[in-house]
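Please open the model in a viewer and have the selection tool ready. The tour proceeds by selections, each followed by a description of what is found there.

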Amino acid sequence: INKINQKLKDGQTFFSFEFFPPRTEEGVENLFERLDRMVAYGPIFCDITWGAGGSTADVTLDIATRMQNQVCVETMMHLTCTNMPVEKLESALLEVKKAGVHNILALRGDPPKGQDKFEAVEGGFSCALDLVKYIRKEFGDLFGICVAGYPEAHPDGIVDDPELMEQNYWADIAYLKQKVEAGGELIITQLFYNTDIFLKFVEDCRSVGITVPILPGIMPIMTYGGFKRMTGFCKTKVPADILEAVEAIKDNDEAVKNFGVDLGVRMCRRLLDAGVPGVHMYTLNLERSAVGILERLGLIDTARVPKPLPWRHVPTGTAR
Ligand code: FAD
């Protein structure tokens, strides 16, 4: 079975890992060393992002090919419409097809640097829906297609006026349904820190007839700066108790990391108890937080890993 949504059907609780393409060749080799270890834990799939504006197209294609064929893990490649005329999308899809990668996360992408509004490049698409339709039309059922979901609505629709916010939220869900009807078989969500918001989103999606699996995107808090940057960029609502706890330890990197693992464990437990089928970890190419959370949830057995975990051998109190 190559398609992720088919793999999910066996009903076991699962997890998956997301990575991004490193900037340097050395970074790529380090990533593969890490991937070898992390794949031994048994993620149901791993995915590799498409750099903003298509900036990493070649590296992403290369990494996806190696992940599928050398690391031998079911691989999903992200693909965005930003700066991608249809011929470029086609050649990227033909390349992954040749490489045996059968899963694509179809995205619109953010506007190119320096632009606030997304505009289709000449000969390109203006939204993820068009890309999903295109993939189905040109490649039939060859690819498993995943699409992005936003439990707090897409940042473009996040406004102060509560009435308008509610309208935008439901418009986003209606649009998500179109992406699913056009061929999206799986939804991965944007990061969030309020599990109630995610669970309500799933319920709301179900209420309009979206039946495909919805995987929560979990981004462990790893550094104070990264947490502030990402939640600011995505306009994430951070519950007051979490924000206060992080602010109180913001100058202690190790304490922030540990808090991130504790919080990740609590969030995932709540989601799994509520019937969520699995969790999608935004690893940021690091293993300690994602693996630490899964280990504490009992979803992985670190004894299965062939190489020792590096942080286990670091004297206590020393940050990696
Ligand atoms: P779309 O699904 O097209 O939607 C964007 C917004 O526009 C929504 O609010 C939607 O409701 C509205 N909209 C668009 N078209 C219509 C329409 N026809 N009718 C009504 N409403 C419409 N970015 C990267 O650059 N590379 C990545 O690898 C990447 N991976 C991501 C992975 C996940 C899981 C997520 C959640 C996001 C990822 N992003 C990535 C970010 C993403 O590209 C941005 O959030 C982007 O702004 C929107 O992409 P989308 O596919 O969700 O867009």
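The stops below are the barrel, one strand pair and one helix.

The model is predicted: local features need pLDDT of at least 70, side-chain atom pairs count only at pLDDT 80 or more, and totals for chains, interfaces and linings use all residues. Residues are numbered from 1 along each chain as its sequence is written.

**The barrel.** Select the strands (E runs in DSSP of at least two residues, numbered from the N terminus). In the order β1-β2-β3-β4-β5-β6-β7-β8, 8 strands close into a barrel with parallel pairing; two strands pair if DSSP finds at least two bridges between them. Neighbouring strands of this sheet are turned by 25 degrees against each other on average, direction ignored, with axes taken as lines fitted to C-alpha atoms.

**One strand pair.** Next, select residues 75–80 (β3) and 103–107 (β4), which run parallel and are joined by 5 bridges. Here Met76 stands opposite Asn103 in β4.

**Helix α6.** Move to residues 162–181, a helix (an H or I run of at least four residues). At 1.5 Å a residue, its 20 residues should span 28 Å (1.5 Å times one less than the number of residues); the end C-alpha atoms are 29 Å apart, which agrees.

Which residues of α6 are buried? Tyr169, Asp172, Leu176, Lys179 and Val180 are, where buried means 20 or more other C-beta atoms within 10 Å of the residue's own, and exposed means 12 or fewer, with C-beta atoms placed from the backbone. These buried residues lie on the same side of α6, because they cover an arc of only 95 degrees around the axis, taken from the directions from the helix axis to the C-beta atoms. On the other side, Glu163, Leu164 and Ala174 are exposed.

Finally, select Gly183, which follows α6 and has a positive phi, near 145 degrees.

Methods
Axes fitted to C-alpha atoms, helices over the stretch in contact; angles between N-to-C directions.
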